[in-house]
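Biologist: I have a chain in front of me and want to learn how to read it. Can we go feature by feature?

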Amino acid sequence: MEDVIAVYERDAEALAERYERIEFERVHCEVLELLPKAGASVLDVGAGSGRDAAWFAANGYQVTAVEPSSKPCALY
């Protein structure tokens, strides 16, 4: 099985493009009501393109985003 980080390194641009095409609310529609109120701290592990971290930050959350692959981070 190919190393997951290696896949993200190799396919970062294509994966980021796919993630960014789908809105946060659409991806997470079934759990939106479970989110804490704005102002809460959020840890986004495996942040990828940063789509989710950006949504949380834009909506008043304190965000820490971590991505083990350097490629997706370099795209944005």
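Biologist: Start with the contacts in the chain with a separation of 6 or more. What percentage of them is accounted for by residues 24 or more positions apart?

Modeller: Remember that this is a predicted model. Residues 24 or more positions apart account for 42% of those contacts. Two pairs show what such a separation looks like in space. Trp55 and Phe24 are 31 residues apart in sequence, yet their C-alpha atoms are 6.9 Å apart. Arg51 and Ala16 are 35 residues apart in sequence, with 8.8 Å from C-alpha to C-alpha.

Biologist: Now the layout. How many helices and strands does the chain have?

Modeller: Four helices and two strands. Read from the N terminus, the order is α-α-β-α-β-α.

Biologist: How much of the chain is buried?

Modeller: The chain has 76 residues, and 25% of them count as buried. The cut-off for buried is under 20% relative accessible area.

Biologist: Take H3. Which of its residues are buried?

Modeller: Arg51, Asp52, Ala53, Trp55 and Phe56. Next, ask what that buried set packs against. Here the partners are H1, helix H2 (24-27), strand S1 (41-45) and strand S2 (62-66). After H3 comes Gly60, with a positive phi near 90°.

Biologist: Does anything link Gly60 to a strand?

Modeller: We can give a distance. Ser41 and Gly60 are 19 residues apart in sequence and 9.5 Å apart in space, C-alpha to C-alpha. Ser41 sits in strand S1. Its relative accessible area is 65%, so Ser41 is exposed.

Biologist: Next, the core. Which residues make up the largest nonpolar core?

Modeller: Six residues: Phe24, Ala40, Val42, Trp55, Phe56 and Tyr61. To read a core, pick a member and list its contacts. Leave out residues up to four places away in sequence. On that basis Val42 touches Phe56, Tyr61, Gln62, Val63 and Thr64.

Biologist: And Trp55: buried or exposed?

Modeller: Trp55 counts as buried because its relative accessibility is 17%. Trp55 is part of helix H3. Beyond four places in sequence, Trp55 touches Phe24, Glu25, Leu35 and Tyr61. Phe24 and Tyr61 also belong to the core list.

Biologist: Now charges. What is the general idea behind a salt bridge?

Modeller: Side chains of opposite charge can pair when their charged atoms come close. A search of the whole structure finds two salt bridges.

Biologist: Which residue does Asp11 pair with?

Modeller: Arg10. The closest N and O atoms of that pair are 2.7 Å apart. Then check the surroundings of each partner. Asp11 has a relative accessible area of 25%, so Asp11 is partly exposed. Arg10 is at 51%, so Arg10 counts as exposed.

Biologist: And which residue pairs with Arg51?

Modeller: Asp52, with the closest N and O atoms 2.8 Å apart. Run the accessibility check again. Arg51 is at 17% relative accessibility, so Arg51 counts as buried. Asp52 is at 16%, so Asp52 is buried too.

Biologist: What else do these two residues touch?

Modeller: Skip residues up to four places away in sequence, as before. Arg51, which lies in helix H3, touches Tyr19, Glu20, Ile22, Phe24, Val27 and His28. Asp52, also found in helix H3, touches Phe24, His28 and Asp44. Phe24 and His28 appear on the list for Arg51 and on the list for Asp52.

Biologist: Last feature: the largest pocket. How much space lies in it?

Modeller: About 180 Å³. After the volume, read the lining. The lining has 14 residues. Tyr19, Gly46, Ala47, Gly48 and Ser49 lie nearest the centre of the pocket.

Biologist: Which helices each supply at least two residues of that lining?

Modeller: Helix H1 (4-21) and helix H3 (51-58). H1 provides the largest share, four residues.

Biologist: And what is the chemical make-up of the lining?

Modeller: Six residues are nonpolar, four are polar and four are charged. One residue ties this to the earlier turns. Tyr19 is among those nearest the pocket centre, and Tyr19 is also touched by Arg51.

Conventions:
Residues numbered from 1 in each chain as written. Predicted model: local features only at pLDDT ≥ 70, side-chain atom pairs only at ≥ 80, totals over all residues. Heavy atoms only, no water. 1 Å grid on protein atoms, 1.4 Å probe; cavity = no way out; pocket = protein on both sides within 12 Å on 5 of 7 lines; lining within 4 Å. Points joined across faces, edges and corners; volume = space filled by probe spheres on them. Nonpolar A, V, L, I, M, F, W, Y, C, P; charged D, E, K, R; others polar. Core = buried A, V, L, I, M, F, W, Y, C linked by side-chain atoms within 4.5 Å. Buried < 20%, exposed > 50% of the residue type's maximum accessible area, 1.4 Å probe, protein only. Contact = heavy atoms within 4.5 Å. Salt bridge = Lys/Arg side-chain N within 4 Å of Asp/Glu carboxyl O.
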